[in-house]
Amino acid sequence: MLGLGAAGVVTAPYLQRGLESFLGAVSGSDPTGLTGLLPNGGGFRYYSVAASVPRKGPEDYRLTVDGLVDRPATYTLDALRKLPQTRMVRDVQCVTGWRVPETPFEGVRLSRILDAAGVLPDAKAIRFTCFDGTYTESLTMEQARRPDVLVALKMQDKPVEHSHGGPVRLYVAPMYFYKSAKWLSGISVTPDVRPGYWEERGYDVDAWVGRSNGRTDTPTV
């Protein structure tokens, strides 16, 4: 029995990684979204609102910044990696109830990208678009400039995997995880808040953990 227990300890990481890879691959082409109901070993659910999501890498990934800015820009993955990086460790909280504690994220502060673009005075919000062709999100300008909002390139101290929204995703630490848009491809500065994908379906626009959707979770702020 001790031998079997030891073997389980040794093989568990490999089995977990295999399960994560399998779920990630299947969820990318699962039109039903049922794979999103299955947790992996790290507690995350794989979920997409699109029938399939193309894969992007260093050769073809682009992040555009436009709208009410002086200097529209397009970033490659390499260009984002060369910018100063910020690492933070916070709980990830889904509005449906599951939580993954103390999850490291690392990337470029959104405020730094906005400053480089030169936001115009009449700008009040940000609209985010994704290369899945479906998902959108939004933040007010004040929310977007918080130091705990990242254009994230790493998650759990490794590059963000495709199944987790890579190679680049948004990470809004103090809000429910639906605000942290996966497969980020566009940052557009707007004159007002435009509700995102889930907000158009009844979710709160201001999704502070512990202060929205009738929940009483301890805030992650």
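**Exercise 1. The second largest pocket**

Task: In this predicted model, find which residues line the second largest pocket, and work out how the lining divides by class.

Solution:
- Step 1. Start with the residues themselves: the second largest pocket is lined by Leu-77, Arg-81, Gln-85, Glu-106, Leu-153, Lys-154, Pro-159, Val-160 and Pro-167.
- Step 2. Next, look for elements that contribute repeatedly. Helix 2 (77-82) and strand 7 each give the lining at least two residues.
- Step 3. Sort the lining by class: 5 residues are nonpolar, 1 is polar and 3 are charged.
- Step 4. Finish with the volume, which is about 160 Å³ for the second largest pocket.

**Exercise 2. A lining residue and its peptide bond**

Task: Pro-167 belongs to the pocket lining. Locate Pro-167 along the chain, and say whether the peptide bond from Gly-166 to Pro-167 is cis or trans.

Solution:
- Step 1. Pro-167 sits in the loop that links strand 8 (158-159) with strand 9 (169-172).
- Step 2. Check omega for the bond from Gly-166 to Pro-167: the angle is near 15°, and the bond is cis.
- Step 3. Put this beside the general pattern, in which most peptide bonds are trans.

**Exercise 3. Two loop residues with positive phi**

Task: Gln-156 has a positive phi, and so does Trp-183. Where does each of them lie, and is each buried, partly exposed or exposed?

Solution:
- Step 1. Recall that most residues other than glycine have a negative phi.
- Step 2. For Gln-156, phi is near 55°. Gln-156 is in the loop between strand 7 (149-155) and strand 8.
- Step 3. The relative accessible area of Gln-156 is 31%, so Gln-156 is partly exposed.
- Step 4. For Trp-183, phi is about 55°. Trp-183 is in the loop between strand 9 and strand 10 (184-190).
- Step 5. Buried means under 20% relative accessible area. Trp-183 has 5%, so this residue counts as buried.

**Exercise 4. Neighbours of Phe-177**

Task: Which residues does Phe-177 touch, leaving aside those up to four places away in sequence?

Solution:
- Step 1. Place Phe-177 first: like Trp-183, Phe-177 lies in the loop between strand 9 and strand 10.
- Step 2. Phe-177 has a relative accessibility of 13%, so Phe-177 is buried.
- Step 3. The contacts of Phe-177 are Phe-44, Val-92, Gln-93, Cys-94, Trp-98, Phe-105, Arg-169 and Tyr-171.
- Step 4. For a distance, take Thr-96: its C-alpha atom is 9.7 Å from that of Phe-177, while 81 residues separate the two along the chain.

**Exercise 5. Strand 10 and its sheet**

Task: In what order do the 5 strands of the open sheet stand, and which strands are at the edges?

Solution:
- Step 1. The order is 2-1-10-5-6, with mixed pairing.
- Step 2. Strand 2 (73-76) and strand 6 (136-140) are at the edges; each has a single partner strand, so one side of each has no neighbour in the sheet.
- Step 3. From one strand to the next, the twist averages 15°.
- Step 4. Now follow strand 10 on one side: strand 1 (residues 62-67) pairs with strand 10 in the parallel sense over 4 bridges, and Gly-67 stands opposite Val-189.
- Step 5. Strand 5 (residues 125-130) runs antiparallel to strand 10, joined by 6 bridges. Here Arg-127 has Ser-188 as its bridge partner.
- Step 6. In strand 10, 6 of the 7 residues are buried, so the strand is largely enclosed by the rest of the structure.
- Step 7. Last, add helix 3 (residues 110-117), which lies across strand 1, strand 2, strand 5, strand 6 and strand 10, at about 60° to strand 10.

Conventions: Residues are numbered from 1 along each chain as its sequence is written. This is a predicted model: local features need pLDDT of at least 70, side-chain atom pairs count only at pLDDT 80 or more; totals for chains, interfaces and linings use all residues. Side-chain values use heavy atoms; hydrogens and water are left out. Buried means under 20% relative accessible area, exposed over 50%, partly exposed in between (1.4 Å probe, protein chains only). Two strands pair if DSSP finds at least two bridges between them. On a 1 Å grid over the protein atoms alone, a cavity is a set of points where a 1.4 Å probe fits but cannot get out, and a pocket is an open set with protein on both sides within 12 Å along at least five of seven lines; lining residues have an atom within 4 Å of a point. Grid points are joined across faces, edges and corners, and a volume is the space filled by probe spheres set on the points. Ala, Val, Leu, Ile, Met, Phe, Trp, Tyr, Cys and Pro count as nonpolar, Asp, Glu, Lys and Arg as charged, and the others, Gly among them, as polar. Contact means heavy atoms within 4.5 Å. Axes are lines fitted to C-alpha atoms, for helices over the stretch in contact, and angles run from 0 to 180 degrees between N-to-C directions.
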